[in-house]
Amino acid sequence: MKSRLGRIGLGPFVGNGEERQRVQAATSIWLKRGLLWLLAVSVVGASVWLLMPPSEGNVVQTEPVKLALASDDSASPISASDTSALEAAGLDRMKISSQTWRRGGLGSKALVTFTVRNGNDYAVKDLEIVCAFMRRDGSHLTDRSRVLADTVNMKSRKTFARVPVGFVNVNADQAKCSLVTARRA
């Protein structure tokens, strides 16, 4: 039967199977070696990645924030000495009395709940807050700011619930928010 198929050109495809077994054995050996090399390269790459120091690319180094009160331009002209007195008196009587934060948006966004106390004799609006996020050990990660276009009446307090401040690092464990500026209403 082999001779008949050899005449029509199919002889190399029919045999007793020895050639096919040798090819399969060689292929199997090369496949096993390739998988071992792939495993070795991935183990070396993972260990190098784990031993690298953490990236400082998204950490912002800032100076302490100075608190200031932005005044409305439509008010009567005030001298420079009066302006500094207004700024100091404005935010000195305003503070964040309580604050908490949690993650939202599949864990990538920070939602801050806080209460602002206004001890001034006038209402304030356009509050700007800055939240500093830290790791569990207290090292600084990032800052996020937000302007709230809401009014806090004079001698009162107002609670802002679940205010989205922005994206936050996955390692953030603590947050500290503070008032930066506000304007007279």
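Which strand is Arg162 found in? Arg162 sits in strand β5, residues 156-167. The exercises below go on from there.

This is a predicted model, in which local features need pLDDT of at least 70, side-chain atom pairs count only at pLDDT 80 or more, and totals for chains, interfaces and linings use all residues. Residues are numbered from 1 along each chain as its sequence is written, and side-chain values use heavy atoms, with hydrogens and water left out.

**Exercise 1. Describe the overall make-up of the protein chain.**

Step 1. Count the elements. The protein chain has 3 helices and 6 strands. Helices (H or I, at least four residues) and strands (E, at least two) are DSSP runs, numbered from the N terminus.

Step 2. Read the order. Along the sequence the pattern is α-α-α-β-β-β-β-β-β.

Step 3. Check burial. Of the 185 residues, 22% count as buried. Buried means under 20% relative accessible area, exposed over 50%, and partly exposed in between (1.4 Å probe, protein chains only).

Step 4. Look at the surface. The protein chain exposes about 13400 Å², and carbon and sulfur atoms supply 58% of it. Accessible areas come from the Shrake-Rupley method with a 1.4 Å probe; for residues, only the protein chains shown count as cover.

Step 5. Look at contacts (heavy atoms within 4.5 Å). Among contacts between residues at least 6 apart in sequence, 69% join residues at least 24 apart.

**Exercise 2. Find what is notable about the backbone at Arg162 and Asp126.**

Step 1. Recall the background. Most residues other than glycine have a negative phi.

Step 2. Inspect Arg162. Its phi is positive, about 50°, although Arg162 is not a glycine. Arg162 is exposed, with a relative accessible area of 52%.

Step 3. Inspect Asp126. Phi of Asp126 is near 50°, again a positive value in a residue other than glycine. Asp126 belongs to strand β3, residues 124-134. At a relative accessible area of 22%, Asp126 is partly exposed.

**Exercise 3. Work out which parts of the chain the salt bridge of Asp126 joins.**

Step 1. Apply the rule. A salt bridge is a side-chain nitrogen of Lys or Arg within 4 Å of a carboxyl oxygen of Asp or Glu. The count comes to 4 salt bridges.

Step 2. Find the partner. Asp126 pairs with Arg183, at 3.1 Å from N to O.

Step 3. Place both ends. Arg183 lies in strand β6 (residues 174-184) and Asp126 in strand β3, so the pair ties together parts that are 57 residues apart in sequence.

Step 4. Check exposure. Arg183 is partly exposed, at 30% relative accessibility.

**Exercise 4. Trace two salt bridges that link loops.**

Step 1. Take Asp121 and Lys155. Their closest N and O atoms are 3.4 Å apart. Asp121 lies in the loop between β2 (109-118) and β3, and Lys155 in the loop between β4 (140-152) and β5, so this salt bridge ties together parts that are 34 residues apart in sequence.

Step 2. Check their exposure. Asp121 is exposed at 54% relative accessible area. Lys155 is exposed at 56%.

Step 3. Take Asp173 and Arg136. Here the closest N and O atoms are 3.8 Å apart. Asp173 is in the loop between β5 and β6 and Arg136 in the loop between β3 and β4, so the pair ties together parts that are 37 residues apart in sequence.

Step 4. Check exposure again. Asp173 is partly exposed, at 33%, whereas Arg136 is exposed, at 66%.
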